[in-house]
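Visitor: Could you pick a single part of this model and take me through it up close? I'd like to know what its side chains meet, and how that part sits with the rest.

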Amino acid sequence: MPAPKKTARRSLLVTSAVLSSLALAAPAAVAAPSPSGSPSASPSATPPASMSTVGGARLGQPGTQVNLASGVPVLPKDVSARSWIVADAESGDVLAAHNAHWRLAPASTLKMLFADTLLPKFPRTAKHKVVPSDLAGIGAGSSLVGIKEDETYTVHDLWLGVFLRSGNDAVHVLSAMNKGVDNTVKEMNEHAEELQALDTNVVSPDGYDAERQVSSAYDLTLIARSGLQKKDFREYCSTVSTKFPGQTKKNKKGKPVRESFEIQNTNRLLSGDANLPVYQGIAGVKNGNTTNAGATFTGVAERDGKVLLVTVMHPEKPEHNEVYKETARLFDWGFKAAGKVQPVGELVPPKGAAQASSEPGANPSGEPGANPSGEAGGSGSGSGGTAGTGSKPVASARAANGSSGIGIALGIAGGVLVLLAGGAFLVNRRWPLPDLVRRRTRP
């Protein structure tokens with residue numbers, strides 16, 4: 001499907017201010033789309049000769065797409081991923097890409113679409129008592145946060161389990177609250193179509209390997225960009241660690257007591273790991289790793305006022321944390337190239353935004369039904385708070401320019417949001433990631 005024509009990207013309309021809050025296995029890729037356009041189940045390690053051209057004709061071509069010219073840094077040579085993309089999160093410009101529309105297994109990066117679809121549905125203060133059927137159908141070897149039957153959790157707890165521990169158990173409980181897995185898959189596919197993430201086909205809402213379940217680096221980047229419009233999404237994906245409710249047990253006096261345990265974000269650019277420092281300016285988004293997908297990751301980071309999105313799918317190198325290392329190299333390139341390199345394509349707006357741009361008197365408030373403030377769960381969500389008692393939203397590493405990572409440019413508290421005039425898709429002049437990120441520094 002061809003991309004819609006660009007709207008007047010830099011025609012600006014100021015809207016009201018918004019307060020910000022803040023499985024492992026060997027690689028084997030799922031094939032690119034069949035000639036009919038439906039996802040294929042046959043494994044392949046070779047990109048198709050022709051792919052989707054959503055976002056621009058060059059993005060449908062195999063291989064690396066970049067406009068190198070005088071003053072533009074050379075791309076890093078040690079990137080082995082089968083597919084990747086570097087994009088400006090604000091303008092939507094794709095700065096460079098490699099097999100951007102290759103349909104591959106997404107792993108838990110698909111949870112970004114799950115969250116973007118379901119976050120607005122339930123107030124984060126809502127409670128749910130888990131029954132056995134809620135946890136049925138979780139794949140063997142799934143990542144779990146540790147949800148127990150007959151225990152009660154808030155929606156806030158469940159989303160922390162989804163984002164920090166990539167808990168398939170939390171996904172299944174939220175899906176049960178949403179009339180079941182089948183209904184959730186249906187809604188996710190509908191939302192992907194609305195976002196014009198047309199490479200994506202959802203079979204399992206948690207990203208667990210399933211026949212014909214595919215996405216692309218382009219689509220995952222679109223999905224992340226949409227999710228980051230939501231305040232709760234920004235908070236959860238940037239939380240480094242928090243306390244999670246445990247199981248109720250009787251203490252020495254025979255009184256029921258529910259303990260808690262700490263969970264940490266599995267995004268290693270956010271939380272750090274041995275020989276892998278926290279990336280300067282990182283603020284999310286989501287990682288994944290399964291048999292078919294190998295390692296996958298979509299990240300958002302800011303440096304010197306520039307906000308970039310990078311997606312990396314299935315690095316061929318077997319080194320530990322390779323997906324994060326390659327993402328970091330592409331971020332580094334993107335920050336050096338931004339403002340110098342001519343884009344090779346664009347991240348298209350959702351269908352509703354594109355349609356609204358052509359209608360007189362269109363309401364520029366985001367996707368149809370979107371909360372203009374970006375809050376999830378409606379007015380009762382309480383999404384202005386932090387991620388629970390003891391939670392630690394990301395405090396990004398001090399950037400090379402001396403700013404506290406993402407906090408200075410992105411931590412807008414009551415800042416002015418900027419919209420595309422008539423386009424209706426929220427594009428923030430300064431991406432409003434959690435304000436709390438500027439209050440701490442990372443080692």
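Guide: Let's start with D332, which is partly exposed at 29% relative accessibility. For burial, the cut-offs are under 20% relative accessible area for buried and over 50% for exposed, with partly exposed in between (1.4 Å probe, protein chains only). Bear in mind that this is a predicted model, so local features need pLDDT of at least 70 and side-chain atom pairs count only at pLDDT 80 or more, while totals for chains, interfaces and linings use all residues. Residues are numbered from 1 along each chain as its sequence is written, and side-chain values use heavy atoms, with hydrogens and water left out.

D332 has a salt bridge to R303, and the closest N and O atoms are 3.8 Å apart. The term salt bridge covers a side-chain nitrogen of Lys or Arg within 4 Å of a carboxyl oxygen of Asp or Glu. Because D332 is in helix α8 and R303 is in strand β11 (residues 294-303), the pair ties together parts that are 29 residues apart in sequence. Helices (H or I, at least four residues) and strands (E, at least two) are DSSP runs, numbered from the N terminus. The strand end of this bridge, R303, is buried at 15% relative accessibility.

So helix α8 is our part, and R329 is a good next stop. R329 forms a salt bridge with D78, where the closest N and O atoms are 3.1 Å apart. D78 belongs to the loop between β3 (64-65) and β4, and R329 to helix α8, so this pair ties together parts that are 251 residues apart in sequence. Both ends count as partly exposed: R329 has a relative accessible area of 23%, and D78 comes in at 31%. R329 also meets the side chain of E322 in a salt bridge (3.5 Å, N to O). E322 is buried, with 5% relative accessibility. Put together, D78, E322 and R329 make a network of salt bridges. For context, the structure holds 12 salt bridges.

Now for the rings. The structure has 9 aromatic pairs, where rings of Phe, Tyr and Trp (its six-membered ring) pair if their centres lie within 6.5 Å; planes under 30 degrees apart count as stacked, over 60 as edge-to-face and the rest as tilted. One of these pairs lies away from our helix: F163 and Y236 are stacked, 5.9 Å centre to centre with 25 degrees between the planes. F163 sits in helix α2 (residues 155-165) and Y236 in helix α6 (residues 231-237), so that pair ties together parts that are 73 residues apart in sequence. Both of its rings belong to buried residues, with F163 at 2% relative accessible area and Y236 at 0%.

Back on our part, F331 and F335 have ring centres 6.0 Å apart and planes at 15 degrees, so they are stacked. Both lie in helix α8 (residues 322-337), 4 residues apart, or about one turn of the helix. An α-helix has 3.6 residues a turn, so residues three or four places apart point the same way. F331 is buried, with a relative accessible area of 0%, and F335 is buried too, at 15%.

A quick look beyond the helix gives some setting. The F163 and Y236 rings belong to a cluster in which ring pairs link F114, W159, F163, F233 and Y236. Helix α2 has 10 of its 11 residues buried, so it is largely enclosed by the rest of the structure. Helix α5 (residues 217-227) is mostly covered as well, with 11 of its 11 residues buried. Strand β4 (residues 81-88), which follows the loop of D78, contains R82. R82 counts as buried at 11% relative accessibility, and a polar contact of 2.6 Å joins its side chain to that of E316. A polar contact here is a pair of N or O atoms within 3.5 Å; within protein, one must be able to donate a hydrogen and the other to accept it, and residues adjacent in sequence count only if both atoms are side-chain atoms.

As for the whole chain, it has 10 helices and 16 strands, and buried residues make up 58% of its 443 residues.
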